[in-house]
Amino acid sequence: MPIITMREAIRQAMDEEMSRDENVILMGEEVAQYNGAYKVSQGLYDKYGEERVIDTPITESGFAGVGIGAAMAGLRPIVEFMTFNFALQAFDQIVNNAAKMRYMSGGQFKVPIVFRGPNGPAEYLASQHSQATQTFFAHVPGLKVVAPATPYDAKGLLKTAIRDDNPVIFLEGELMYSWEGEVPEEEYTIEFGKADIKREGKDVTIITYSKPLKVVLESAKELEKDGIDVEVLDLRSIRPLDEETILNSVKKTNRCVIVDESWPFVSVASHIGWLISNKTFDYLDAPVELVTNEDVPMPYNHKLELAAQPSVDKIIKAVKKVLYI
Amino acid sequence: MKDLKNYDTKLLKDLLFKMLLIRRFEEKAAQAYGLKKIGGFLHLYIGEEAVAVGSISNLDMTKDYVAAAYRDHGHALATGLDPNSLMAELYGKITGCSKGKGGSMHFFDYKKHFFGGNGIVGAQIPVATGIGLKIKYNKEDGVVLCYFGDGAIHQGAFHESLNLAKIWNLPVVYICENNHYGMGTDYRRVSAIDDFSIMADSYAMNGKQVNGMNVLEVYEATKEAIEIAKNGTPVLLEAKTYRFKGHSMSDPAKYRTKEELEKYKQKDPIISFKELLKENNIISEEDFLEMDKQCKKIAKDAAKFAEESPEPDLDELYTDIYA
Ligand SMILES: Cc1ncc(C[n+]2csc(CCOP(=O)(O)OP(=O)(O)O)c2C)c(N)n1
């Protein structure tokens, strides 16, 4: 199987879907002539032309709304945010228009749009440019939220997102674009709402998604040296959430740590923590632990920046805590 | 523009000095970035110095205010912030103007009326307008200069702010620094018009286009604008300028031609102003070299200060979240 980068996997997904369906268009800042600020859309402008790969001014609220209108009227736009930090300017359009249009029109409209782009902590960028936004979006009924951790998952999930008739928030870890992984040449899609066990284990479940999967797998390896057998569950999609796989894994291991690089307060992590305590209370041998970003805006200073995020150390500590060692 | 004889020579030399200081400071910063002592985005202002210096030189920072975006080194230095604290901020040190928590895009100095530093395109425009509201509310004698790029002018925040500033008669001068590109996008590709100053008409304000490569022209236009703004009508200035470097250190700037860049380098605001001062016998080449030496020393000392400054303690992670 070819080994490609996350960037290439996402590009392939868009390319294949654009050639399959001419209603699919891509728009955003620098996506066309510049080939994308992070070069994700490399070559698409040359291939599909300016009618389908569209550079916009820096008007997040405006172009997100335009995408929503076009989707309501029959196109299938992919709207790239240069990073999800700037999607906050479009938050009103995404929440009040994209997410609710179907409901408040009594089911008349479909809003088949994908909002995608880099998300999550980056490096040395300080608080406005380095934050995980998934919890904001996951809060909203009417949106689907996915966050792949491997090139394989990214490609399969993005193809599903583009074919979905609902607004999908597709989150790509800003520091993940050059990560590599196997991606088959033949066509495939990955259904939303299916978590993936990235590592089988019997002693403790670590639940994560997106970029932290890497530190979680490293932690699992470290813990293996101490004879601790970790199961790693990658959510892949946050909304819909694969409750069944989560609960089954916890029922098997009886212990759980959730690793999430967003803030802890009313977050994806805290929701899952509640879900587990509510549905598998009798199976738990220890309270669920969270390892999240510290509850602070991201500092610029690198030492503090690293200290703010989940790390192998913090994960190992949390695992040992739920194991009472 | 007035005859040079009508200017105080101290002012003229000061304008040149400040532009040069910005240039040398940023060259030093770029060098430190190359050595990985500074991380993240570093958006240099090189080429655009005349805009910040020409406009801010009109201000009295005990009464007036400045708000800028992420390309803020020039504005901060022109405002009189300590180069040491700015360089230390780039290094992420506790001695930095934002305690190492902000970095290049987030220079702040509350006491010196420098309100950013903002990484979100256009986000400082309503903030600056709010400062104007405070000045008006307290019946103070002050003005706000608000800087943003050609890329920011299409944001709703800009249009909403101008309307509010006009209906409330706020003392704000909005200065669009049109350096021709928003990242890789030529402003003509994303703008319905190519003279931004006419946008002022939509809000019944004064609008004016100025040559942003000419520090005196910026100085005069801003002086006039401040007068008008203080009398209750906000102003929009569009300063036509050019950035000599890429959008940030990671941008090779392939979207523009070498010829275009060369054309603007011929109009270097520092060199051309120096020549003007020399022609008028206000400075000699030796004076200039001496000035340059001083600026280089300030930049070098700032880097030394930054390097020798301590990192923030780990505890700083949890400070400054709430007042
Ligand atoms: C709301 C928002 N969208 C996108 C970005 C990413 N971005 C940073 S700078 C920039 C270009 C801005 O150009 P301009 O306003 O002309 O200022 P210049 O860099 O030329 O000084 C973009 C798109 C951002 N920081 N904020």
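These are my notebook entries on the cavities and one pocket of this structure.

**Entry 1: the model.** I am working with a predicted model.

**Entry 2: counting cavities.** I looked up how many cavities of 30 Å³ or more there are. The count comes to two.

**Entry 3: the largest cavity.** I noted its volume, about 60 Å³. Then I listed the residues that line the largest cavity. A:Pro121 is one of them. A:Ser130, A:Gln131 and A:Ala132 are also in the lining. So are A:Glu261, A:Ser262 and A:Trp263. The list also includes A:Asn293, A:Val296, A:Pro297 and A:Met298. I sorted this lining by class and got six nonpolar, four polar and one charged.

**Entry 4: the second largest cavity.** I read off about 40 Å³ of space here. Which residues line the second largest cavity? From chain A I wrote down A:Tyr124, A:Leu125, A:Ala126 and A:Tyr300. From chain B I wrote down B:Gly39, B:Gly40 and B:Phe41, then B:Gly102, B:Gly103, B:Ser104 and B:Met105. By class, this lining has six nonpolar, five polar and no charged residues.

**Entry 5: the second largest pocket.** I turned from cavities to a pocket. The second largest pocket holds about 380 Å³ of space. How many residues line the second largest pocket? I found 20. Nearest its centre lie A:Ser127, A:Pro297, B:Lys101, B:Gly102 and B:Asp320. I sorted the lining of this pocket into eight nonpolar, eight polar and four charged residues.

**Entry 6: names that came up twice.** A:Pro297 lines the largest cavity, and A:Pro297 is also among the residues nearest the centre of the second largest pocket. B:Gly102 lines the second largest cavity, and B:Gly102 also lies among those nearest that pocket's centre.

Terms used. Residues numbered from 1 in each chain as written. Chains lettered and ligands numbered in written order. Predicted model: local features only at pLDDT ≥ 70, side-chain atom pairs only at ≥ 80, totals over all residues. Heavy atoms only, no water. 1 Å grid on protein atoms, 1.4 Å probe; cavity = no way out; pocket = protein on both sides within 12 Å on 5 of 7 lines; lining within 4 Å. Points joined across faces, edges and corners; volume = space filled by probe spheres on them. Nonpolar A, V, L, I, M, F, W, Y, C, P; charged D, E, K, R; others polar.
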